[in-house]
Each structure stands twice: as structure tokens, then as C-alpha cells.
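The following note is offered to a colleague who is meeting this structure for the first time. Please read the points beside the sequence and the coordinates.

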Amino acid sequence: MSILVYVENTDGKFKKSAFEVVSYAKSIADNIQTDLVAISIGNVAGDELAGLGKYGASKVLNVDNERLASFVNQAYASIIAEAVKSTGSKILVLSNSFSGKGLAPRIAAKLEAGLADGALELPKINGDKLTVKKTAFSNKAFATLELSSDIKVIALSPNAYETKETGGSATVETFAPNIDQTDFTTMVKEIVRATDKVSLPEAEIVVSAGRGLKGPETGVWWKNLQKSLVQLQHVQNPYLMQAGARIRST
Amino acid sequence: MLYGLTPLHAMLGLANQIAKYAKDNAFDLILTGRESIDYNGAQVGAIVGELLHIPSVSIAKKVDIAGDAVTVEREIEGGKEVLTAKLPIVIGTAEGVAEPKIPNMRGIMSARTKPLDVLEPSAIDVLEHIVSYETPAPRGTVKLVDAAEVEKLVSLLHDEAKVI
């Protein structure tokens with residue numbers, strides 16, 4: 001029995017939330033002493049796929065199909081469910097991202113699996129049962145959810161689990177299940193992304209100032225704070241040295 | 001109205017009831033909200049779509065329907081995605097999809113005359129349930145830092161709070 005993790009890409013690249021889910025799934029795999037298999041759908045380069053090994057995946061199933069370059073909820077759900085069956089996985093992990101919120105329930109329904117969405121911590125596994133802490137009441141409380149189904153699906157909240165590099169390597173295999181034409185019922189016409197700022201889930205540091213910033217007269221204060229944070233990250237995290245813009249204000 | 005469902009039946013149970021009714025009555029368009037305010041799962045719409053084998057779109061900010069062609073604008077990380085589909089479809093609607101209309105007195109009175117069908121839920125498997133709740137740890141004391149002392153704020157966040 002292995003654990004399967006679905007890894008989202010953005011324009012062929014994996015972002016922080018992708019490494020979070022792989023790191024999280026790897027910790028579960030280590031706890032129950034099994035392998036971690038990842039699945040990627042869309043056009044992602046081989047070295048990018050193999051790079052998931054650094055976060056603990058031992059194998060990456062690659063579904064490279066032009067029709068799946070953009071997110072197609074039904075087709076993606078069918079493919080991932082098929083991968084769960086073919087790998088004999090009892091636990092599927094994915095991100096509780098905007099796409100994940102639409103995807104995880106469909107996969108769970110296909111597999112008759114219990115679903116823990118918005119997971120915040122590693123699950124506790126006791127025999128066939130799994131309990132996991134999740135958000136509830138619009139993040140004003142936490143709930144502990146118990147899953148008792150044979151197959152379990154966990155959708156991890158973005159930014160809830162730190163990425164951990166384990167230094168391994170992953171083999172990449174082509175995975176090409178039969179996809180029913182009736183699964184291609186939606187077509188992406190256009191994707192518009194803000195290119196001048198980092199999306200909130202991807203930001204390393206979020207400064208929430210809200211009304212406290214008041215008017216434009218506080219602009220100097222804000223710029224000084226941003227400068228100081230970037231300088232601090234220069235010292236600590238070389239990755240951020242090249243990306244001061246990764247700090248986003250809300 | 002579905003009578004007799006409890007939180008223990010969770011999202012799959014709820015979606016099963018809706019899907020069963022929708023299947024029997026052949027709806028072309030099923031609208032749900034973005035997510036419930038208790039468990040914030042956003043699951044029901046997607047599961048209904050799966051059970052009915054029709055497309056589902058979550059977190060829709062704009063919906064246009066022309067004949068059987070549907071155009072949906074949905075939120076994604078850092079932007080938006082515009083997609084097309086055909087009816088029938090399930091759409092989980094988010095804020096901004098429509099302007100709330102406050103009913104007038106005539107509407108409120110006429111609503112009382114509309115039929116209210118009470119349905120018995122069908123049998124469902126319980127695959128997950130909540131075992132406990134907890135509230136977040138209470139907030140600690142607040143330190144106010146003068147706007148002119150940005151370096152001090154960064155130092156506190158780094159050395160004391162250890163969040164950066």
C-alpha cells in the first residue's frame with residue numbers, strides 16, 4: 001500500500017503549495033512505513049517532475065496530454081481516482097486550493113472515500129481509522145474529523161505544513177489511463193493571472209494591515225517595513241533574495 | 001426540505017439527497033453556495049456533479065447562460081479562469097455572482113403560498129464524522145510599535161515572535 005499525492009502545477013511549474021503537499025504526504029508515508037507516489041497532470045518538464053523526489057516522492061506518475069494542459073475537473077478526478085486504484089493507495093493527499101476544493105469531493109465520491117478537507121496537521125492513524133484536525137466555522141474553530149472509509153482523501157490547507165527537503169530522487173513514469181470523452185465537459189477559454197504580485201497562498205510573508213494603514217501618508221512606513229523584511233530575508237533565505245516582490249501586502 | 005439529516009451524515013449524505021431529487025426531476029442547472037459556514041467544505045456541489053455525471057464548477061464569480069451554453073468565471077490562485085460548458089451543470093456560486101435582491105412585502109406574502117415538500121432522506125453511509133471541536137488559543141498581549149520604528153517591529157517579529 002502506497003500513498004498517492006496529486007501535485008498541481010501552474011503553467012508547467014510546481015509552486016510552494018505543491019511542495020507542501022508532497023512533504024505532508026511523505027511524513028504520512030514515513031509514519032506508516034510505505035512509499036509515496038505522486039501524480040502530475042498537464043505539461044510539466046521531466047526535470048521538474050523528478051524534482052519532487054527532493055521532497056520525498058519515490059515515483060511520479062506523469063499524465064501528459066494536450067487536452068489536459070488546463071484544469072478539467074471531471075477528467076482530472078477520473079484520472080486521479082484511476083491512479084489511486086492502480087497504485088492500491090489507501091490515502092490520497094492533495095491541496096485544498098481553489099481547484100482542489102472542486103476536485104477532492106468528486107474523487108472522494110468516485111472512490112466512496114471519506115474526505116478531510118482543510119487539514120491542518122498530520123493525521124493520527126489508528127488501525128483502519130484516521131483522525132485529522134481541520135478548520136471549522138470559517139477558521140474561528142478547529143474540528144477533529146475521523147475517517148472510517150477504506151480509502152481516505154485529505155485536502156491539505158495551503159500554508160499549513162512546511163516544506164521539507166529529504167534529498168531523494170524520483171523516477172518518472174508515464175501514466176495514460178483511458179479517459180472517457182464525457183469527462184471533457186468543460187473547456188478553459190481564458191486564464192488571467194496578476195503578474196505584478198504574488199498570490200496570497202504563495203506569499204512567504206503576509207502583512208495584514210487593513211484599515212490600520214489609514215491613508216496614503218502611511219506609505220513611507222509601509223515601504224520601510226517592506227524594505228526591512230526583504231533585507232532580513234536576504235540574510236536568511238537566499239531564495240528570497242531574488243524576489244523581494246514575494247512579500248505582498250493585503 | 002430534507003428532514004432528519006445531522007452533521008454526522010456529512011457532505012456525501014447531503015449531496016446524495018440533492019442528487020437523487022435532481023435526477024428524478026431532470027434539472028438543467030443546479031446552483032449551490034460557495035461553502036457552508038460551519039465546515040467550509042465547498043463539497044456538496046462537486047459531489048452532486050459527480051453523482052449525476054455532469055460537470056461542476058466551484059467558486060464561480062460570474063455565470064452567463066445562452067441557450068444550453070454556459071460561460072463561468074471562477075476564482076483561481078492569483079487570478080481568474082473563464083471556462084465554457086453545456087447544460088446540465090452544477091455551479092458553486094461565490095460572492096459577486098449576483099446582486100442580492102431584498103424581497104418586498106408582496107413577495108414575502110406570496111412565498112407563504114408556495115408548496116413546501118418534505119422529503120424523507122434515503123439511506124446513506126457515514127464515511128466521516130466530527131469527533132471533537134476546539135477553539136484557537138487565546139490571543140496574547142499586544143505590543144504597539146511606533147510607525148517610525150520599523151526596524152524594531154521587524155526585530156520583534158524575528159527575534160521574539162519568530163514568525164519571519
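1. In this predicted model, a contact between two helices of separate chains deserves attention. On one side stand Gly102(A), Pro105(A), Arg106(A), Ala109(A) and Lys110(A) of α4(A), which meet Ala46(B), Ile47(B), Gly49(B), Glu50(B) and Leu51(B) of α2(B). By character, the residues of this contact of α4(A) with α2(B) comprise five nonpolar, two polar and three charged.

2. The geometry of that contact can be stated as follows. Helix α4 of chain A covers residues 98–111 and helix α2 of chain B covers residues 44–52; their axes lie 8 Å apart and form an angle of about 45°. The two helices, α4(A) and α2(B), are therefore oblique to each other. The crossing of α4(A) past α2(B) is right-handed.

3. Chain A as a whole contains six helices and 13 strands. Of its 250 residues, 44% are buried. Where contacts in chain A join residues at least 6 apart in sequence, 71% of them link residues at least 24 apart.

4. A further residue to inspect is Thr144(A), located in strand β8 of chain A, which spans residues 141–147. Is Thr144(A) buried or partly exposed? Thr144(A) has 18 C-beta neighbours inside 10 Å, and so counts as partly exposed, since a buried residue would need 20 or more.

5. Leaving aside residues up to four places away in sequence, Thr144(A) touches Thr131(A) and Lys133(A), together with Ile130(B), Val131(B) and Ser132(B). Between Thr144(A) and Ile28(A) there is a separation of 116 residues in sequence and 17 Å in space, taken from C-alpha to C-alpha.

Terms used:
Residues numbered from 1 in each chain as written. Chains lettered and ligands numbered in written order. Predicted model: local features only at pLDDT ≥ 70, side-chain atom pairs only at ≥ 80, totals over all residues. Helix = DSSP H or I, 4+ residues; strand = E, 2+ residues; numbered from the N terminus. Buried ≥ 20, exposed ≤ 12 C-beta atoms within 10 Å, placed from the backbone. Contact = placed C-beta atoms within 7 Å. Axes fitted to C-alpha atoms, helices over the stretch in contact; angles between N-to-C directions. Parallel < 35°, antiparallel > 145°, perpendicular 65-115°, else oblique. Left-handed = near helix turned anticlockwise from the far one by under 90°. Nonpolar A, V, L, I, M, F, W, Y, C, P; charged D, E, K, R; others polar.
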